[in-house]
Amino acid sequence: MPVTRPRRPQAADPAAPAAPPTRPARRAAGLAAAVLLLAAVVVLSISVGAGRIPLGDIWPGLTDPQSPAHTVVHDMRLPRTLLGLLAGTALGLAGAVMQALTRNPLADPGLLGINAGASAAVVAAIALLGVTTFDGYVWFAFAGAAAVAVLVYAVGGGRTATPARLALAGSALNATLFSFVSAVMLLDTTSLERMRFWTVGSLADARPGTVWRILPFVAAGLLLALVLARPLNALALGEDSAVALGTNPALARAGGILAVTLLCGAATAACGPILFVGLLVPHLVRRLTGPDLRRLFPYCAVLAPVLLLGADVLGRVVARPGELLVGIVTAVLGGPFFIWFTRRGRAVRA
């Protein structure tokens, strides 16, 4: 009987192609690249403005009170950059949560009236109650955002809501509330100067105190959105499937509305209504991550500030020595995208 000798293990061929990276490795690498991109935009936001600051002067400007750049870097541009970082994260995540909740690719805190509700409440607080500080009107922003979120969902049909009905309800409330804001601004000339920049959306009035005050609300909304990723994934399969997978649909929706309220209320109270960030970023990110919200939400939290800070830097550069408010820049960038997307969707349906 012939005896078979065990084969010696062959050495790996150095010329053989390496195994392709696994899917989790690609996702981790993509998220790391997004973080590096965000870091680059943060440095650019601190460096670029009416007067350009050399990169070598940024660190002394942050840490050395005797540095000639300390006032500009530490007291002005750093709070502005941090506020853009928090507001961008809040708006991008809020848009992703809204699209998941409504199963509507056009859902956005601005287009569905959530920002308008927060704005209307804050403008009423400024004009009618004399509230002038962030600590005073942040609660009005939360109340306005929550009220409109619930109202849009109810008017759109509740459990039977369709994307078209939600979009129509949000558009109607959006127009009504911004008409109210315009009327208050025209009638109350004493508050007009304070409100006219805030209602466009701006990072220019950022203060260190504002950054610290909105941080807990944005952090709470961020954590809640990440926790809701799995239940909202199940809800996207339909209510029966979600229940079969152990998800409570009503609780998931309530948690989603709470997350959107926290995120939009904090961002709108600090910066004013900034449109299209919550619409643009989830669409662009979804091409990289697919529909799984467990991957989509972290990417949105990182890349939305890239868009907002990039738009803020662009507004400072194109109108020197003045600047364009970031709300104007995001509207200019987002409008053509919205038109392209709606036309593309119509072509696909045809």
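Me: Which residue follows helix 11, and what is the approximate value of its phi?
Reply: In this predicted model, helix 11 covers residues 249-271. The residue that follows helix 11 is glycine 272. The phi of glycine 272 is positive, near 90°.

Me: How many of the residues of helix 11 are buried?
Reply: Helix 11 has 23 residues and reaches 32 Å from its first C-alpha to its last, close to the 33 Å expected. Helix 11 is largely enclosed by the rest of the structure, because the buried residues among its 23 number 18.

Me: Is threonine 247 buried or exposed?
Reply: Threonine 247 is placed in the loop between helix 10 (239-244) and helix 11. With residues up to four places away in sequence left out, it touches Pro231, Ala234, Ala242 and Ala252. Its relative accessibility is 14%, and the cut-off for buried is under 20%. Threonine 247 therefore counts as buried.

Me: Which residue in the loop between helix 11 and helix 12 has a positive phi although it is not a glycine?
Reply: The loop in question lies between helix 11 and helix 12 (277-289). The residue has a phi of about 75°, and at 12% relative accessibility it counts as buried. It is phenylalanine 276.

Me: Are helix 4 and helix 11 roughly parallel, roughly perpendicular or oblique to each other?
Reply: Helix 4 (residues 114-129) and helix 11 have axes that come within 9 Å and cross at roughly 55°. Helix 4 passes helix 11 in a right-handed crossing. From the angle it follows that the two helices are oblique.

Me: Which residues of helix 11 meet helix 4?
Reply: The helix 4 side of this contact consists of Ile114, Asn115, Ala118 and Ser119. By class, the contact of helix 4 with helix 11 divides into 4 nonpolar, 3 polar and no charged residues. On the helix 11 side, the residues are Val260, Cys264 and Thr268.

Me: Are helix 3 and helix 8 roughly parallel or oblique to each other?
Reply: Helix 3 (residues 70-102) and helix 8 (residues 208-227) have axes 10 Å apart and pack at an angle of about 25°. The crossing of helix 3 past helix 8 is left-handed. Angles under 35 degrees count as roughly parallel. The two helices are therefore roughly parallel.

Me: How many nonpolar residues are in the contact of helix 3 with helix 8?
Reply: Helix 3 contributes Pro79, Leu82, Leu83, Leu86, Ala90, Leu93 and Val97. These meet Pro208, Thr210, Val211, Ile214, Leu215, Val218, Leu222 and Ala225 in helix 8. The contact has no charged residues and 1 polar residue, and its nonpolar residues number 14.

Me: Are helix 3 and helix 12 roughly parallel or roughly perpendicular to each other?
Reply: The axes of helix 3 and helix 12 are 7 Å apart, and the packing angle is about 70°. Angles of 65 to 115 degrees count as roughly perpendicular. Helix 3 and helix 12 are therefore roughly perpendicular.

Me: How many charged residues are in the contact of helix 3 with helix 12?
Reply: Helix 3 takes part in this contact through Gly88, Leu91, Gly92, Gly95, Ala96 and Gln99. Helix 12 takes part through Val277, Gly278, Leu279, Pro282, His283 and Arg286. The contact has 5 nonpolar and 6 polar residues, and the charged residues number 1.

Me: What is the distance between the end C-alpha atoms of helix 5?
Reply: Helix 5 (residues 134-155) has 22 residues, which at 1.5 Å a residue should span 32 Å. Its buried residues include Phe134, Tyr137, Val138 and Ala141. The distance between its end C-alpha atoms agrees with the expected span, at 31 Å.

Me: How far apart in space are serine 171 and valine 152, C-alpha to C-alpha?
Reply: Serine 171 is found in helix 6 (residues 163-187) and is partly exposed, with a relative accessible area of 41%. Valine 152 is among the buried residues of helix 5. The two are 19 residues apart in sequence, and their C-alpha distance is 9.4 Å.

Me: How many helices and strands does the protein chain have?
Reply: Of the 350 residues of the protein chain, 47% count as buried. Read along the sequence, the chain follows the pattern α-α-α-α-α-α-α-α-α-α-α-α-α-α. The count is 14 helices and 0 strands.

Conventions
Residues numbered from 1 in each chain as written. Predicted model: local features only at pLDDT ≥ 70, side-chain atom pairs only at ≥ 80, totals over all residues. Heavy atoms only, no water. Helix = DSSP H or I, 4+ residues; strand = E, 2+ residues; numbered from the N terminus. Expected span 1.5 Å × (residues − 1). Buried < 20%, exposed > 50% of the residue type's maximum accessible area, 1.4 Å probe, protein only. Axes fitted to C-alpha atoms, helices over the stretch in contact; angles between N-to-C directions. Parallel < 35°, antiparallel > 145°, perpendicular 65-115°, else oblique. Left-handed = near helix turned anticlockwise from the far one by under 90°. Contact = heavy atoms within 4.5 Å. Nonpolar A, V, L, I, M, F, W, Y, C, P; charged D, E, K, R; others polar.
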